[in-house]
Amino acid sequence: MLTRLACAATLSCAAASSSTWAHDVTADPIPGLPGWRMGAGLALSGLHASETIWPAARYQGVLGNGVTPASRRGGTLEHATLDAGLRLNDWLGATATLGKHGSDRAHFEAARLETRLPVEGDWRLSLGRDRVPMGDGVTGAGHFDRFALPPLAKRVMLGDDWIEDGANLRWLAGNPDGLVQVANLGVWRARTFPGAASGPAAPAAHVQLDWPDWRLDLFAAQARPQGRGTPVVSSNAVHSHSVPDCARDLTNLVCFDGRSRLGGFNLTWAPHGSTVQLRLAALLQQEHGRLASTVGWADYRGQTQAGWLEGIWRATPDWELASRLERLSTRQRLEGPGATDVAAAAGLVPNEPVSRAALALAWTGQTDLRLSLEAGQEQQADLRGRWIGLRMVWMPQGWLTGGW
């Protein structure tokens with residue numbers, strides 16, 4: 001059987017003086033010179049939503065991880081972090097970040113060692129837990145961002161954020177006028193979505209290209225999840241950060257074994273001296289393998305495409321207006337004796353595109369502090385949800401520092 005869900009693209013705009021707000025989670029916490037530093041982050045919101053369950057528990061026609069996100073209605077702790085960075089000498093450093101979302105348990109978002117390799121050029125090898133590099137515009141969208149909700153693309157394809165254990169080799173250009181500025185090549189355990197509790201390591205690559213007024217980030221990754229579980233639509237799955245493991249229990253799960261390819265780009269236009277900046281970002285995920293549950297099995301091919309168009313206008317040195325438009329769509333094909341039942345259990349039918357629009361007016365007159373009023377709407381078919389509210393983001397990057 002065949003199901004379809006439409007396509008996506010998005011645009012983002014931010015003034016050069018305010019662009020750091022979209023990139024704080026991507027900043028290197030390890031000091032450049034021997035010494036230490038501590039930083040923190042706090043995002044709070046008080047939001048009113050038209051729907052009883054908000055954000056939406058899950059989207060029709062989308063496989064994803066099927067897990068209900070934490071409620072964001074009313075006053076909530078969006079995200080809080082405490083991080084530390086240490087550089088022992090010119091070639092060895094380390095960092096760790098402790099994070100907390102709402103009532104969830106605190107967890108390590110990063111814990112890695114980094115060494116500068118003794119070769120020509122700036123080559124760095126990192127070992128440990130970190131965000132898979134996808135470029136500032138994609139990696140930085142979501143936590144401590146200008147908007148309350150992570151992009152649809154990241155929620156559906158990455159479970160909001162892709163944090164993994166692994167090894168990453170990074171090259172940094174010594175010439176700021178060069179076209180290629182950053183390159184990453186990593187191998188990750190892929191134990192979080194879109195990976196699974198079982199399966200081989202996932203390779204991932206990223207490159208950043210800069211030229212006057214423009215920046216382009218490209219990335220690609222591939223995972224081969226085995227027994228990756230998605231709760232069936234009737235199970236009312238609770239909020240969780242782990243991927244259900246079909247090797248332990250098949251009850252109320254649709255299980256995927258196969259290959260998951262992910263790629264995307266971020267294109268930023270930031271004219272020198274301008275009060276306007278634009279961003280276009282998109283992700284594409286292709287999966288093929290076997291989808292099975294207690295009601296049957298089917299050969300599965302799915303394609304999810306989504307993106308966002310974001311714009312930011314800095315009206316005055318202390319005020320900015322930001323907008324984000326999003327769209328997500330999918331296309332799937334299931335063939336096999338249980339295709340119809342499996343598609344229904346996984347919530348792949350009916351299949352309609354998802355769209356979202358948000359507008360935020362923010363005051364940024366104090367260093368490290370952002371206060372904003374935000375309103376938005378999300379729609380899939382006849383289901384429509386609206387929200388409005390206040391947010392505060394505080395990120396003292398250089399909270400405590402020292403050297404030797």
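These legends describe close-up views of a predicted model.

**View 1. A tilted tryptophan pair links strands β11 and β13.**
The model holds three aromatic pairs. One of them joins Trp214 and Trp269. Their ring centres lie 6.3 Å apart. The planes meet at 45°, which makes the pair tilted. Trp214 belongs to strand β11 (residues 214–223), and Trp269 belongs to strand β13 (residues 253–269). The pair therefore ties together parts that are 55 residues apart in sequence. Trp214 is partly exposed, at 33% relative accessible area. Trp269 is also partly exposed, at 29%.

**View 2. Phe256 and Tyr300 meet edge-to-face.**
The centre-to-centre distance in this aromatic pair is 6.0 Å. The angle between the planes is 80°. Phe256 sits in strand β13, while Tyr300 sits in strand β15 (residues 296–316). Parts that are 44 residues apart in sequence are thus tied together by the pair. Phe256 is buried, with a relative accessible area of 1%. Tyr300 is buried too, at 4%.

**View 3. An arginine charge sits over a tryptophan ring.**
The ring belongs to Trp297. The charged end of Arg290 is placed over this ring. It lies 3.8 Å from the ring centre.

**View 4. Leu283 in the largest nonpolar core.**
This core has 23 residues. Val138, Met157, Leu158, Leu262, Leu283, Trp308 and Leu328 touch the most other members. At least two core residues come from each of α2 (152–158), β11, β14 (276–293) and β15. Helix α2 gives the most, with five residues. Leaving aside residues up to four places away in sequence, Leu283 has contacts that include Val138, Ala153, Met157, Leu158 and Phe219. Leu262, Gly263 and Gly264 are also among the residues that Leu283 touches. So are Thr304, Gln305, Ala306 and Trp308.

**View 5. A separate core of 14 residues.**
This core lies apart from the largest one. Its members include Val232, Phe256, Leu291 and Ala343. Phe256 also appears in View 2, as the edge-to-face partner of Tyr300.

**View 6. The β17–β18 hairpin.**
Strand β17 (residues 354–363) runs antiparallel to strand β18 (residues 369–380). The two are joined by 10 bridges. Val354 stands opposite Gln380, a residue of β18. Five residues separate the strands of the hairpin. In the turn, Asp368 has a positive phi of about 75°.

**View 7. The β18–β19 hairpin.**
Strand β18 also pairs with strand β19 (residues 383–394). The pairing is antiparallel and spans 12 bridges. Leu371 has Met392, in β19, as its bridge partner. Two residues lie between the strands of this hairpin. One turn residue, Ala381, has a positive phi of about 55°.

**View 8. Gly102 in the loop between β5 and β6.**
The loop runs between β5 (92–100) and β6 (107–116). Gly102 is partly exposed, with 31% relative accessibility. Gly102 touches Leu77 and Glu78, when residues up to four places away in sequence are not counted. Gln377 is 275 residues from Gly102 along the chain. The C-alpha atoms of Gly102 and Gln377 are 22 Å apart.

Technical notes. Residues numbered from 1 in each chain as written. Predicted model: local features only at pLDDT ≥ 70, side-chain atom pairs only at ≥ 80, totals over all residues. Heavy atoms only, no water. Phe/Tyr/Trp six-rings, centres within 6.5 Å; stacked < 30°, edge-to-face > 60°. Helix = DSSP H or I, 4+ residues; strand = E, 2+ residues; numbered from the N terminus. Buried < 20%, exposed > 50% of the residue type's maximum accessible area, 1.4 Å probe, protein only. Lys NZ or Arg CZ within 6 Å of the ring centre and 35° of its normal. Pairing = 2+ DSSP bridges. Contact = heavy atoms within 4.5 Å. Core = buried A, V, L, I, M, F, W, Y, C linked by side-chain atoms within 4.5 Å.
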